[in-house]
Amino acid sequence: MRRIPLDHLQEGMKLGRTIYTEDGSILMREGTELNKDVGKKLRKYGYESIYVTDALSSESFDDMISSKLRVMSVKEVKNVFQSFDTYQRRINSISSTNLNVNKKIAYEASGKMSKLATDIVSDLMNKKHNEINMVDIKNSKGYLYQHSVNVAVLSIVFGMKLGLTQKKLQALAVGSLLHDIGFNFIDYDQIKGHAEDDIEIFDLVKDHPEKGYEYLKDNVDISAHVKQIVLQHHEWCNGEGYPYGLKSNEIAELSKIVAICDVYDNLTSDHLYRAAYEPQEAQEHMMVESVKRLDADLVKQFIKITIPYPVGTVVSLTNGELGVVEDVNLDYPLRPKVKVVKQVVGRVELYTRDLMEEHHLLINKVEYEIPEEYLN
Ligand SMILES: [Fe+2]
């Protein structure tokens, strides 16, 4: 199984993972035969890339959390974020009844997020392997909710690797699920489709950490760690972030973790302004970012648990050969075993190259298009 942009759909490919509509109902089941028309349909629903299986990359692998839990989590986050529409309307006409209703909405929301965080933490703690081996595929319509859930998944996996306590993992999970809650209090439709650092909309975007914090600060059910994450997830280690321009030693560790996972998820997601980066490209961007924005030591540790070329990825090698990653050595993830496909006198030949043994060879890049003869 491998992720490809929809432009690269080829006959003979099948859908590698079930995909869902914005509301969480099944849009297309795993195993569906794919063609250009199916690609058009998926685009209408806001998808730009999908997981596929084909003759080269036929094995599927599990999501980091169960699909059922992911779909349910996205739905729950959406419900919670949208409950604030009611909240906002009420805040415009302040009366004691409205204040009480607002309080009820806010406390119900935090209770739901706390329960959801517990479910995601326990699902991840029950898994044997805790590396980040896949990117989350989102649709443009439900981006904010899917992003919130995936940042929680990434943060918990990373937090477990760092040996954080259960209490901190829980805070990390709730904080990640709520980190962008402040977007509810600004005109998110105006922001959609723009990069976060787009100068024209930056004035709108830069308020979301404080708006989110303002909303949560009096809620006694929400821990100080969570509130800090919401407020600080865009602070940069060089002091040039927002809202306060805090320096590295003033930013809480959990906020730095969420900032890293936020950036990674953003880079590996499709956006209206650019296509998703492959994990390896995202890692390189993050190393550059670590000079100014992210905590350099934490970035190094994060990169150790993200697999740049997961099993199933089709790659070209520096000698021009094409192959599929068949086994990853977690200590040397840039040097996997690659099953090379080659056409020799009219027939396809397969053989494995172990890049740990063949030092002269490197992965050149991820390939999406595969010559027809290799697909049958
Ligand atoms: Fe944010």
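Which residues of strand 5 are buried on one side, and which on the other? I put this to the model, which is a predicted one, and found Ser-49, Tyr-51 and Thr-53 buried on one side, with Ile-50 and Val-52 buried on the other, so that both faces of the strand are covered.

**Entry 1: strand 5 and its partners**

I then counted along the strand, residues 49-53, and noted that 5 of the 5 residues are buried, so strand 5 is largely enclosed by the rest of the structure. Next I looked up the sheet to which strand 5 belongs, and I recorded an open sheet of 3 strands in the order 1-5-2, with antiparallel pairing. Strand 1 and strand 2 are the edge strands, each pairing on one side only.

I followed the pairing with strand 1, residues 2-5, where 4 bridges join it to strand 5 in the antiparallel sense. Within this pairing I noted that Pro-5 has Ser-49 as its bridge partner, while Ile-4 stands opposite Ile-50. Both of these partners in strand 5 are buried, Ser-49 on one side and Ile-50 on the other.

On strand 2, residues 14-15, I found 2 bridges to strand 5, again in the antiparallel sense. Here the bridge partner of Lys-14 is Thr-53, which I had already listed as buried alongside Ser-49 and Tyr-51.

**Entry 2: the sheet of 5 strands**

I turned to another open sheet, in which 5 strands follow the order 9-8-7-6-10 with antiparallel pairing. Strand 9 (347-354) and strand 10 (363-366) stand at its edges with a single partner strand each, so one side of each is left without a neighbour in the sheet. I noted an average twist of 40° from one strand to the next.

For the edge at strand 9, I looked up its pairing with strand 8, residues 337-344, and recorded 8 bridges between the two antiparallel strands. One position that I checked there is Val-340, which stands opposite Tyr-351 in strand 9.

**Entry 3: domains**

How is the protein divided into domains? I recorded domain 1 as 2-53, domain 2 as 67-305 and domain 3 as 314-374. Between domain 1 and domain 3 I found 5 residues of the former in contact with 4 residues of the latter. The side of domain 1 that touches domain 3 consists, by class, of 2 nonpolar, 2 polar and 1 charged residues. Taken over C-alpha atoms, the centres of these two domains are separated by 25 Å.

**Entry 4: helix 8**

I listed the buried residues of helix 8, residues 208-216, as His-208, Pro-209, Gly-212, Tyr-215 and Leu-216. Seen down the helix axis, these buried residues fall within an arc of 130°, so they line one face of helix 8. I kept beside this the general point that an α-helix has 3.6 residues a turn, so residues three or four places apart point the same way. I then asked which helices the buried residues of helix 8 pack against, and I recorded helix 5 (166-178), helix 7 (199-205) and helix 9 (224-232).

**Entry 5: Ile-105**

Is Ile-105 buried, partly exposed or exposed? I located the residue in helix 3, residues 96-125, and counted 17 other C-beta atoms within 10 Å, which makes Ile-105 partly exposed, because the cut-off for a buried residue is 20 or more and that for an exposed one is 12 or fewer. I also looked up its separation from Val-80, 25 residues apart from Ile-105 along the chain, and found 8.8 Å between the C-alpha atoms.

Technical notes
Residues numbered from 1 in each chain as written. Predicted model: local features only at pLDDT ≥ 70, side-chain atom pairs only at ≥ 80, totals over all residues. Pairing = 2+ DSSP bridges. Axes fitted to C-alpha atoms, helices over the stretch in contact; angles between N-to-C directions. Domains from an automatic or database assignment. Contact = placed C-beta atoms within 7 Å. Nonpolar A, V, L, I, M, F, W, Y, C, P; charged D, E, K, R; others polar. Arc of directions from axis to C-beta.
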